[in-house]
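Work through the exercises below with the structure at hand. Each task is followed by a solution in steps.

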There are 2 protein chains.
Amino acid sequence: MARAPGRTSDTAERVLDVAERLAQTRGFNGFSYADIAAEVGITTASLHYHFPTKADLGEALVVRYTDAFQAALTEVAASSDGALTKLERYVRIYHDVLGADRMCLCGMFAAEYATLPAPMQQALRRFFDDNERWLVEVLETGRADGSVQFEGGAADMAGLLTGALEGSMLLARSYSDVARFGASAEQLLRTLRPTPGAARSSRPVRR
Amino acid sequence: MARAPGRTSDTAERVLDVAERLAQTRGFNGFSYADIAAEVGITTASLHYHFPTKADLGEALVVRYTDAFQAALTEVAASSDGALTKLERYVRIYHDVLGADRMCLCGMFAAEYATLPAPMQQALRRFFDDNERWLVEVLETGRADGSVQFEGGAADMAGLLTGALEGSMLLARSYSDVARFGASAEQLLRTLRPTPGAARSSRPVRR
DNA sequence: GTCTATAGGCAGATAGAC
DNA sequence: GTCTATCTGCCTATAGAC
């Protein structure tokens, strides 16, 4: 999940780093410009120079997060791994976020959706659309070559995967228990693995 | 999900009703005493008579919600329905909440977990513990009589179910699309249904 | 139980000097 | 780009009359 070289200044980048962590742990309505300013070591007035309004900051957070996430997904997609391994690597991305004591930024913002400015809402949907487009591609490829097994539409399964992973992160955080997320994710992946002695059941259903 | 006859006054109950809806749509950090007061038709000072602090109100919200939820679960458990039907009814409870344009109160609060006062955090965990205890019971019964099929531990499957349903609600709300939740839930239930011609695979695995 | 009045703090945001 | 100073508004909460 390397960061793309952006056009934002070094200070703006540091602001985004701090704001991102605050947003992932406390939510968009759970931190203030004063919180960021104290950590970065500048005043709130200076913050407003980089991001005129909190809505601007929030949108920048989602866009940067989505871009970094997308870059990570593209890297996984380009690998020679099988579909199942790609899905396991997808899960690991979420797992690592949780391991850093954070909730997925966009899952967090999804909870506060109704209170967010429209541009943030739109950027948020793009994140999930990107995720599910990537998942559909992997799921369909995997089902075609027999490395992944599931019933129903790939889009529905992709929706379940994103929802289940986001929700499992949410609950694992309430228990400060990363292993709880791991167990849910494993339970989920289990249903996607081809039944050992039943290669026949991995053929695609009609769609 | 009938409301248990409580000892709280009529006004306090109306306050909780309004606060509950605000909390389920905007989150605990997304509404104020002023919002409630305006809707109920009393002043914020009067609100403080019923709930001295917002933390008190929040705790009362979670406790009442948990009790009502538990009552609904007990009713389902007492029915003569099979385990699979009970799980479908469990899903329907979540579905109905979403149909009322609300997020699960406790799923919402789970996102804001780090910003909540300790008593609320504790009450929140009780909600999820109750849910999963109920699910484990249903899952194990169903697996024993062959009406439900899954691999791994019942506790892990229960954790996946709560996480997946909470997360699916979260995302469906961002798309204002209840059907999206329905599709994820159906995809999830599908994995629990016994394979038509394979009653043998519904036997419990070693645990 | 509900009100008016108000305290005290923090929020996001701006003006203008450097 | 960053600062000091300040504004306005909203927040939770309290005092005290009715």
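**Exercise 1.** In this predicted model, find what lies 2.8 Å from an N or O atom in the side chain of Ser46(B). Then look for other phosphate contacts of chain B.

*Solution.*
Step 1. The partner of the Ser46(B) side chain is a phosphate oxygen of DNA strand C, at 2.8 Å.
Step 2. Thr43(B) also reaches a phosphate oxygen of DNA strand C, here with a backbone N or O atom, at 2.7 Å.
Step 3. For Thr11(B), a side-chain N or O atom is 3.3 Å from a phosphate oxygen of the strand.
Step 4. With a cut-off of 3.5 Å for a polar contact, the distance of 3.3 Å for Thr11(B) falls within the limit.

**Exercise 2.** Describe the protein surface near DNA strand C: which residues come nearest, and which elements supply the surface?

*Solution.*
Step 1. There are 18 residues around DNA strand C, and the nearest are His48(A), Lys54(A), Thr43(B), Ser46(B) and His50(B).
Step 2. On the DNA side, sugar and phosphate make up 62% of the strand C atoms that come within 4 Å of the protein.
Step 3. At least two residues each come from helix 2 (33-40) and helix 3 (44-50) of chain A, and from helix 3 (44-50) of chain B.
Step 4. Helix 3 of chain B has the largest share, 4 residues.
Step 5. Sorted by class, the surface holds 10 polar, 7 nonpolar and 1 charged residues.

**Exercise 3.** State how much area chain B and chain A bury between them, and which three residues of chain B supply the most.

*Solution.*
Step 1. Count the contacts: 39 residues of chain A meet 39 residues of chain B.
Step 2. The buried area is about 3500 Å², and carbon and sulfur atoms give 61% of it.
Step 3. Ser174(B), Tyr175(B) and Gln187(B) supply 16% of the area that chain B buries against chain A, more than any other three residues.

**Exercise 4.** List the polar links between the two chains, then say which helix of chain B gives the most residues to the side that touches chain A.

*Solution.*
Step 1. Between chain B and chain A there are 2 salt bridges.
Step 2. One salt bridge joins the side chains of Glu132(B) and Arg180(A), with N to O at 2.7 Å.
Step 3. Across the interface, 10 residue pairs are in polar contact.
Step 4. The elements of chain B that give two or more residues to this side are helix 1 (10-26), helix 6 (105-111), helix 7 (118-145), helix 8 (154-174) and helix 9 (178-192).
Step 5. Helix 8 gives the most, with 13 residues.
Step 6. By class, this side of chain B has 15 nonpolar, 15 polar and 9 charged residues.

Methods. Residues are numbered from 1 along each chain as its sequence is written. Chains are lettered from A and ligands numbered from 1 in the order in which they are written. This is a predicted model: local features need pLDDT of at least 70, side-chain atom pairs count only at pLDDT 80 or more; totals for chains, interfaces and linings use all residues. Side-chain values use heavy atoms; hydrogens and water are left out. A residue is near a molecule or strand if one of its heavy atoms lies within 4 Å of it. A polar contact is a pair of N or O atoms within 3.5 Å; within protein, one must be able to donate a hydrogen and the other to accept it, and residues adjacent in sequence count only if both atoms are side-chain atoms. Ala, Val, Leu, Ile, Met, Phe, Trp, Tyr, Cys and Pro count as nonpolar, Asp, Glu, Lys and Arg as charged, and the others, Gly among them, as polar. Contact means heavy atoms within 4.5 Å. Buried area is the accessible area (1.4 Å probe) that two parts lose on being put together, summed over both. A salt bridge is a side-chain nitrogen of Lys or Arg within 4 Å of a carboxyl oxygen of Asp or Glu.
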